[in-house]
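Morning, everyone. Please have a look at the structure on the screen, and then we will walk through it together.

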Amino acid sequence: MNKLAVKMERQARGVHHFNIEHRDDMTVLDVLEEIYRNHDASVAYRFSCRIGLCATCMMMINGKPGLSCMKRAEPGCDGTMSLAPFLKGNTIRDLVKEV
């Protein structure tokens, strides 16, 4: 396994950095679950269908909108995978948007 550096913009909590064990087949949602289970259980994110139909897990991934359940976890051009709340709508907490 390789390490993946993750930078997460968390609404009122600022920017947090994580280094996680990374497999080539991991999605961004897998990375979020790894962070939640093994690094910081206070991270808030939302998902539902896991197959890209509901769009509940929409967020900014490396500066572009994407579904965390469908997007492969990859570092951006700066070598870090960046995560932030989706730009539209009100952010409730961390990566969770009001629906």
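Which side chain meets Asp40 in a salt bridge? It is the side chain of Arg10, at 2.8 Å from N to O. Keep in mind that this is a predicted model.

Where do the two partners sit? Asp40 is in the loop between α1, residues 28-38, and β3, residues 58-61. Arg10 is in strand β1. So the pair links distant parts of the chain, 30 residues apart, and Asp40 counts as buried at 17% relative accessibility. Arg10 is buried too, with a relative accessible area of 1%. The cut-off for buried is under 20%, so 17% for Asp40 still falls on the buried side.

This pair has company. Arg10, Arg13, Asp40, Arg93 and Asp94 are linked in a network of salt bridges. Take Asp94 and Arg93 in that network. Their closest N and O atoms are 3.9 Å apart, and they form a salt bridge. The limit is 4 Å, so a pair at 3.9 Å counts. Is Asp94 buried or exposed? Buried, at 1% relative accessibility. Arg93 counts as partly exposed, at 34%.

Stay with Asp94 for a moment. The residue lies in the loop between β6, residues 91-93, and β7, residues 96-97. What is the phi of Asp94? It is near 45 degrees, a positive value in a residue other than glycine. Asn62 is another residue to look at here. Phi of Asn62 is near 55 degrees, again positive in a residue other than glycine. Asn62 lies in the loop between β3 and β4, the latter being residues 64-67. Here the surroundings read as partly exposed: Asn62 has a relative accessible area of 25%.

Back to the salt bridges. How many are there by this rule? The count comes to 7. One of them joins the side chains of Lys3 and Glu21, at 3.0 Å from N to O. Lys3 is in strand β1, residues 2-10, and Glu21 is in strand β2, residues 14-22. They are 18 residues apart, and the pair links distant parts of the chain. Lys3 is exposed, with a relative accessible area of 58%. Glu21 counts as partly exposed, at 32%.

Now the strands behind that pair. How do β1 and β2 run? They run antiparallel, and 9 bridges join them. They form a hairpin with 3 residues between them. And what is the bridge partner of Lys3 in β2? Glu21. So Lys3 and Glu21 are bridge partners in the strands, and their side chains also meet in a salt bridge, with Lys3 exposed at 58%.

Next, the helix. Which residues of α1 are buried? Val28, Leu29, Val31, Leu32, Glu33 and Ile35. Note that Glu33 is in that list. What covers the buried residues of α1? The cover includes β1, β2, β3 and β5, which is residues 81-85. So β1 and β2, the hairpin strands, are part of that cover.

Last topic: aromatic rings. How many aromatic pairs does a search of the whole structure find? It finds 2. Tyr36 and Tyr45 form an edge-to-face pair, 6.2 Å centre to centre, with 75 degrees between the planes. Tyr45 and Phe47 form a stacked pair, 6.0 Å centre to centre, with 20 degrees between the planes. Why are they classed in two ways? Planes under 30 degrees apart count as stacked and planes over 60 as edge-to-face, so 20 degrees gives stacked for Tyr45 and Phe47, and 75 degrees gives edge-to-face for Tyr36 and Tyr45.

Tyr45 takes part in both of these pairs. Tyr36, Tyr45 and Phe47 form one aromatic cluster. Which of these residues counts as buried? Tyr45, at 16% relative accessibility. Tyr36 is partly exposed, with a relative accessible area of 37%. Phe47 is partly exposed as well, at 33%.

To wrap up, please keep three places in view. One is the network of salt bridges that holds Arg10, Arg13, Asp40, Arg93 and Asp94. Another is the hairpin of β1 and β2. The third is the aromatic cluster of Tyr36, Tyr45 and Phe47.

Terms used:
Residues numbered from 1 in each chain as written. Predicted model: local features only at pLDDT ≥ 70, side-chain atom pairs only at ≥ 80, totals over all residues. Heavy atoms only, no water. Phe/Tyr/Trp six-rings, centres within 6.5 Å; stacked < 30°, edge-to-face > 60°. Buried < 20%, exposed > 50% of the residue type's maximum accessible area, 1.4 Å probe, protein only. Helix = DSSP H or I, 4+ residues; strand = E, 2+ residues; numbered from the N terminus. Contact = heavy atoms within 4.5 Å. Pairing = 2+ DSSP bridges.
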